[in-house]
Amino acid sequence: MFTFIHCADLHLDSPLRGLSERKDLPEEDIKLAARRALQNLVEMSIEEHVAFIVIAGDLYDGNWEDYETGLFFNRCMAQLGEHHIEVFIIRGNHDAASHMTKELQFPSHVHKLSERQPETFVLEDLHVAIHGQGFAQRDVMDNLVVHYPDAIGGYFNIGILHTSLEGQQGHAPYAPCRMEDLLHKGYQYWALGHIHKRQVLHEDPPIIYPGNLQGRHINETGPKGCTLVTVDGSKVKIEHRDLDVLRFYSVQVPLDKVDSDEAFHVAVSQAIGHVIDANLSYPLVLRIELTGRTSMHETMLQDRKRYYHEVESAALTRIGAHVWIEKVEFKTSSLVSHHSQEEQHHALQVFSQSITSASIDEEFLQAFLNEVPQTFREKMSEYFQSPDATRVDSIQDVLSLIEGAEQKVLAMLTKGVDKK
């Protein structure tokens, strides 16, 4: 029997996007999160007496600013070497051979598999064969796995691959392949990387994305870590182990029955409290989504800044919790429906009709999609590089913008009507 760790996408020294410039977050938690997650990996490996570790690509986030990134990694590896733990690494799209201009030699017990062709390492004492190939350049669009060797009989065969396996939507299709390609090799375990969300794609043999060690922005939510694998004869046991030090969550706060500031505070506090209770001792960065039909809709849209700080205030009521609000999204709707607008002032009727006409005018929608987004991208290029930037890539995106504008203008008009 032996154990090993499968991890991927460490992105060492990657900045936590959207947070680096925040003055209210602890600098150590932000800047050192990826390093502390790696230290947790080292400590766990030693405690579990693992035989080896496989890292399935993107050890680094890209070329280093200085050599301290490589020195830190090698210091961690030296700790593993003291306990005779070997490490097997492949390059991914972020640390492809052509992308790195600064490098340091790894310690002798750390093995980097070739980028030119698949390479195999055999651990005779464990009867383990490790097969893999790294990225020579960032944009690898070929199916690398078709050139991997077939399984070695009598050995526990592990394939390491940085890939966008079929069906992984929203990710660049690097080293694309099919499930059948992996199964055809006859390996006993596939250690995948590139997708930052943990996924068990196949159980026998296990084909797994372990996710990254540490979430880096609001689109990488929940616990992060590695997969601990125990091999006992023909039995393979897998379990996820948390290694992260800071967590991101998107929290929905339904406000359907909320009609006062006091009730708003209670609703937000309860929603945030559920996340805190499920992640005790972890600092949290939260995006709050205010949803539902509420009589407060118009008031909140008129004073977004105040209600953003009301959300922050509600988060502070949990004594001992470390919570920071990354963003508040106002997704509520008015109690004033389209049907009741017929009884309101003429301005509401005209506005509603204009919005409806725009939403079904295909020529207008297509013209907007063709011209306006490009103008905004040219003038706001830095904004569009952020992970939470509003995207306008389809007709549906245009319709979403129209809906949002309708809600905001309706809120202003309705508020004016209510005062008369």
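Student: In this predicted model, helix α5 (residues 261-278) and helix α7 (residues 304-316) pack at about 55°, with axes 9 Å apart. Why are α5 and α7 called oblique to each other?

Tutor: Set the angle of about 55° against the cut-offs: under 35 degrees is roughly parallel, 65 to 115 is roughly perpendicular, over 145 is roughly antiparallel, and the rest is oblique. The value falls in that remainder, so α5 and α7 are oblique to each other. As for the hand, α5 and α7 cross in a right-handed way.

Student: What makes up the contact between α5 and α7?

Tutor: From α5 you have Asp261, Phe264, His265, Val268, Ser269 and Ile272, and they meet Arg306, Tyr307, Glu310, Val311, Ser313, Ala314 and Ala315 of α7. Sorted by class, that's seven nonpolar, three polar and three charged residues.

Student: How do you know that Tyr307 goes with the nonpolar ones and His265 with the polar ones?

Tutor: It's down to the class lists: Tyr is on the nonpolar list, whereas His is on neither the nonpolar nor the charged list, so His counts as polar.

Student: On to α2 and α3. Why are they called roughly parallel to each other?

Tutor: Helix α2 (residues 33-48) and helix α3 (residues 68-82) cross at roughly 15°, and their axes come within 9 Å. Roughly parallel needs an angle under 35 degrees, and roughly 15° passes, so the label fits α2 and α3. The crossing of α2 past α3 is right-handed.

Student: Which residues meet there, in α2 and α3?

Tutor: α2 brings Arg35, Leu38, Gln39, Val42, Ser45 and Ile46, while α3 brings Glu68, Thr69, Phe72, Phe73, Cys76, Gln79 and Leu80. This contact has seven nonpolar, four polar and two charged residues.

Student: How many cavities of 30 Å³ or more are there, and what makes them cavities rather than pockets?

Tutor: There are two. A cavity is space where a 1.4 Å probe fits but cannot get out, whereas a pocket is open. The largest cavity has a volume of about 100 Å³, and the second largest has about 30 Å³.

Student: What lines the largest cavity?

Tutor: Its lining has 13 residues, and Leu59, Tyr60, Arg91, Glu103 and Phe106 lie nearest the centre. By class, the lining splits into seven nonpolar, two polar and four charged.

Student: And how do you know that the lining of the second largest cavity has one charged residue?

Tutor: Go through the lining: Leu10, His11, Ser14, Leu16, Ala33, Ala34, Gln214 and Arg216. Arg is on the charged list, which Arg216 satisfies, and the full split is four nonpolar, three polar and one charged.

Student: What is unusual about the backbone at Pro205 and Ala175?

Tutor: Most residues other than glycine have a negative phi, and most peptide bonds are trans. Asp204 and Pro205, though, are joined by a cis peptide bond, with omega about 5°; Pro205 sits in the loop between β9 (199-203) and β10 (206-209). Ala175 has a positive phi, near 45°, and belongs to the loop between β7 (156-162) and α4 (179-184).

Key. Residues numbered from 1 in each chain as written. Predicted model: local features only at pLDDT ≥ 70, side-chain atom pairs only at ≥ 80, totals over all residues. Heavy atoms only, no water. 1 Å grid on protein atoms, 1.4 Å probe; cavity = no way out; pocket = protein on both sides within 12 Å on 5 of 7 lines; lining within 4 Å. Points joined across faces, edges and corners; volume = space filled by probe spheres on them. Axes fitted to C-alpha atoms, helices over the stretch in contact; angles between N-to-C directions. Helix = DSSP H or I, 4+ residues; strand = E, 2+ residues; numbered from the N terminus. Left-handed = near helix turned anticlockwise from the far one by under 90°. Contact = heavy atoms within 4.5 Å.
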